[in-house]
Amino acid sequence: MSINKKNIVILVEHKIRELNPNIFLATKLVKKGFRVYIGNWLSVDRILKHFDKGFGIILKGGIDNEMLEKVKKKCNAHIVIDQEAGPTKFFSGGIKSRISFLNSNNIDKYYALNDTRFKQAQKEIKFKKKNVLKNFGWPRVDLWKDNNQYIYQSDIKDLKDKYGKYALYVSNLRHTYVKYYDGFNRFLSSNLEIYNQFNFSKNQIKIKFSTLKKNSVEKRNSFFSVINFLNYISKANIKVLVRPHFNDDVEGWKFFTKKIENIHILDFKNDLHPLIAGCDLFLHSGDASAYQAYLTNKKIGLIGIKKKNLKKINKHLSEMSQKIYNFKDIGHYLISQKNSKNKEFLKNIKKHLNYNEKLDASEKICQDISRLSIKKQSSINFQFSIKIIFLIKDYYYFLKSFFDKKKTIKNPGGIKISEISSFVKKIEKKKNRNIKTRSVIRNLIEIDI
């Protein structure tokens with residue numbers, strides 16, 4: 001019989017972006033006396049279907065009403081950390097579009113990244129409950145701090161041993177298909193499904209498609225421009241690692257760079273943090289990961305963007321980067337020394353990210369969650385017969401997704417106990433706490449002391 005504790009369930013949608021920050025948050029929560037479960041959409045839905053016991057649940061925006069109804073009925077506390085509402089440009093009404101009426105009525109805590117997102121949420125969402133909205137920052141930013149760099153030391157060493165000195169390009173281009181028109185048509189098809197869900201008119205869809213086409217052509221041109229620049233860098237005897245976006249066609253990257261010996265195309269499954277921390281040069285085309293590179297003292301270059309399109313790039317990302325429009329620019333970039341940071345600009349960036357070296361956002365979030373009324377319960381366990389049914393269903397889902405070439409894989413490899421246990425050990429390297437992990441069902445891991 002397990003000890004009764006307050007149980008917290010955390011949903012992970014985009015594994016590469018969200019898993020490690022949520023594990024970091026989980027280690028803080030278990031220290032406060034919680035028992036934490038980390039899972040994907042399917043495993044969290046199974047908890048909601050099979051258990052009536054009260055628990056706290058940490059979700060993000062964009063949750064469908066069917067799941068929200070279950071959350072409302074079965075959870076003592078509904079908490080939101082929306083990792084889509086990030087530090088770069090986020091359109092007006094963007095937060096509101098990710099929080100439904102049912103969601104806003106039931107949210108107990110909404111943790112905003114910074115002042116901008118706090119004010120946007122304050123304006124766009126009508127929270128029914130009091131004292132919901134908090135400007136605490138993100139667990140993801142916690143992992144960028146100097147005092148948490150020990151977590152990635154072994155990963156950085158492995159990268160250095162394998163590649164030596166390297167430049168890292170982080171892609172957000174997306175339109176990197178081998179066959180452009182086939183890929184673009186699939187892209188339009190997936191967007192059409194979304195527009196139909198929201199009952200867009202034919203005229204609205206036509207206007208949307210026109211904008212998507214224009215943006216796609218620009219991104220496609222940027223793609224080939226970026227390859228030319230990376231080819232130039234590779235000839236300077238510097239290995240170039242490309243970390244594709246999860247919506248990029250990785251085969252496109254491999255196809256168009258196959259004759260360039262010094263370029264290595266990684267899988268999007270690779271964790272960005274050690275890649276950025278270990279690189280000597282950081283390159284991007286407007287990706288938010290440049291914030292992380294800036295805070296970890298990297299030399300940053302902005303490539304593949306025409307001067308006329310520079311206004312579309314987030315001002316922070318533009319200002320912290322050396323603009324590269326031609327080979328002469330990139331030559332200067334390669335031989336120039338790191339620029340000393342403007343103290344006022346650095347201060348503004350840290351404020352924008354809610355970056356506080358002394359107090360992690362995760363710690364503030366844990367303290368706030370501790371005040372919520374969540375019933376103490378035993379650990380979550382499924383009956384053996386139900387686990388067998390889950391395995392049969394999982395096998396069916398696997399076969400179905402295997403033949404679905406349009407499907408974006410947001411959780412490559414699933415939520416694995418080996419990955420969570422490994423990262424917990426790295427976090428706890430300097431601690432004395434004996435944090436344990438347990439696989440409850442496939443894609444659902446328990447973290448406890």
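Biologist: Let's start with a charge and a ring: over the ring of which residue does the charged end of Lys213 sit?

Modeller: First, this is a predicted model, where local features need pLDDT of at least 70, side-chain atom pairs count only at pLDDT 80 or more, and totals for chains, interfaces and linings use all residues. Residues are numbered from 1 along each chain as its sequence is written, and side-chain values use heavy atoms, with hydrogens and water left out. A charge sits over a ring if NZ of Lys or CZ of Arg is within 6 Å of the ring centre and within 35 degrees of the ring normal. The charged end of Lys213 is 4.9 Å from the centre of its ring, and that ring belongs to Phe184.

Biologist: And Lys299, over the face of which residue does that one lie?

Modeller: Lys299 also has a ring beneath its charge. At 4.9 Å from the ring centre, Lys299 lies over the face of Tyr333.

Biologist: Rings can pair with each other too, right? How are the rings of Tyr195 and Phe209 arranged: stacked, edge-to-face or tilted?

Modeller: Rings of Phe, Tyr and Trp (its six-membered ring) pair if their centres lie within 6.5 Å; planes under 30 degrees apart count as stacked, over 60 as edge-to-face and the rest as tilted. The structure holds 21 such aromatic pairs. With centres 6.2 Å apart and planes at 50°, the rings of Tyr195 and Phe209 are tilted.

Biologist: How many residues apart are those two along the chain?

Modeller: Helices (H or I, at least four residues) and strands (E, at least two) are DSSP runs, numbered from the N terminus. Tyr195 is in helix α9 (residues 180-197) and Phe209 in helix α10 (residues 202-234). The pair links distant parts of the chain, the gap being 14 residues.

Biologist: What about Phe223, buried or exposed?

Modeller: Buried means under 20% relative accessible area, exposed over 50%, and partly exposed in between (1.4 Å probe, protein chains only). Phe223 forms a tilted pair with Phe224, at 5.1 Å centre to centre and 45° between the planes. Phe224 is partly exposed at 32%. Phe223 has 0% relative accessibility, so it counts as buried.

Biologist: Which residues form one aromatic cluster with Phe223 and Phe224?

Modeller: That pair belongs to one joint aromatic cluster. The other members are Tyr169, Trp253, Phe255 and Phe256.

Biologist: On to charges. Which residue forms a salt bridge with Glu13?

Modeller: Side chains of opposite charge can pair when their charged atoms come close. A salt bridge here is a side-chain nitrogen of Lys or Arg within 4 Å of a carboxyl oxygen of Asp or Glu, and a search of the whole structure finds 27 of them. For Glu13, the closest N and O atoms are 3.0 Å apart, and the partner is Lys60.

Biologist: How many residues apart in sequence are the parts that this pair ties together?

Modeller: Glu13 is buried at 11%, and Lys60 is buried at 2%. Glu13 lies in the loop between β1 and α1 (15-31) and Lys60 in the loop between β3 (56-59) and α3 (65-74), so the parts tied together have a sequence separation of 47 residues.

Biologist: And how far apart in sequence are the parts joined by Asp448 and Arg35?

Modeller: Their side chains meet in a salt bridge of 3.1 Å, N to O. Asp448 lies in strand β15 (residues 444-448) and Arg35 in strand β2 (residues 34-39), so the pair ties together parts with a separation of 413 residues.

Biologist: What does the side chain of Asn114 reach?

Modeller: Asn114 is in the loop between β5 (109-112) and α6 (115-124), and it counts as buried at 1% relative accessibility. At 3.2 Å, its side chain reaches the backbone nitrogen of Thr116.

Biologist: Last one, back on the outside: how far apart in space are Ile3 and Gln149?

Modeller: Ile3 lies in the segment before β1 (5-11), and it counts as exposed at 62% relative accessibility. Ile3 and Gln149 are 146 residues apart in sequence, and from C-alpha to C-alpha the distance is 34 Å.

Note on methods:
A polar contact is a pair of N or O atoms within 3.5 Å; within protein, one must be able to donate a hydrogen and the other to accept it, and residues adjacent in sequence count only if both atoms are side-chain atoms.
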